[in-house]
Amino acid sequence: MSQAFLSALQAVVAHSPEAIAIETLNAPGVTRVSYASLDKQAKALAEELRCAGVEAGETVGISCDRSLEHVVAMLAIWMRHAAFVVLDSSQPEARREKIR
């Protein structure tokens with residue numbers, strides 16, 4: 001599923017890079033992120049994950065609220081052919097570390 005989604009994302013990036021992929025409502029207003037920007041951010045984080053030693057088949061914890069960063073993290077992890085586990089940021093740090 002993740003690879004099919006990434007293939008579809010790449011097709012949209014190639015065909016309509018400036019189309020809006022994500023819109024978020026925040027304090028100063030609305031933030032709009034294009035498919036090209038989303039792809040660039042996810043690839044940059046995927047490279048950071050590679051440098052950190054994340055390999056295919058591994059599980060990576062995501063501990064952030066629902067946001068653009070959350071989407072970027074999910075895409076980056078999929079780009080590394082890894083899986084993610086969403087960690088509840090309200091849980092104590094020791095518990096989140098145990099789950100990771």
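This passage describes the aromatic pairs and the salt bridges of a predicted model.

The count of aromatic pairs comes to two. In one of them, Phe5 and Trp78 meet edge-to-face, with 5.7 Å from centre to centre and 65° between the planes. This pair links distant parts of the chain, since Phe5 belongs to helix α1 (residues 2–15) and Trp78 to helix α3 (residues 68–79), 73 residues apart. Phe5 is partly exposed, its relative accessible area being 40%, whereas Trp78, with a relative accessible area of 16%, is buried. Trp78 also pairs with Phe84: the ring centres are 5.8 Å apart and the planes stand at 45°, so this pair is tilted. Phe84 has a relative accessibility of 25% and therefore counts as partly exposed. Together, Phe5, Trp78 and Phe84 form one aromatic cluster.

Across the whole structure, three salt bridges are found. One of them joins the side chains of Arg32 and Glu23, at 2.9 Å from N to O. Another brings together the side chains of Asp39 and Lys43, with an N to O distance of 3.1 Å; both residues lie in helix α2 (residues 35–51), where they are four residues apart, about one turn of the helix. Within this bridge, Asp39 counts as buried at 6% relative accessibility, while Lys43 is partly exposed, with a relative accessible area of 43%.

A salt bridge is also formed by the side chains of Arg50 and Glu47, at 2.6 Å from N to O. Because Arg50 and Glu47 are three residues apart in helix α2, about one helical turn separates them. Arg50 is partly exposed, with a relative accessible area of 42%, and Glu47 is likewise partly exposed, with a relative accessible area of 37%.

Note on methods: Residues are numbered from 1 along each chain as its sequence is written. This is a predicted model: local features need pLDDT of at least 70, side-chain atom pairs count only at pLDDT 80 or more; totals for chains, interfaces and linings use all residues. Side-chain values use heavy atoms; hydrogens and water are left out. Rings of Phe, Tyr and Trp (its six-membered ring) pair if their centres lie within 6.5 Å; planes under 30 degrees apart count as stacked, over 60 as edge-to-face and the rest as tilted. Helices (H or I, at least four residues) and strands (E, at least two) are DSSP runs, numbered from the N terminus. Buried means under 20% relative accessible area, exposed over 50%, partly exposed in between (1.4 Å probe, protein chains only). A salt bridge is a side-chain nitrogen of Lys or Arg within 4 Å of a carboxyl oxygen of Asp or Glu.
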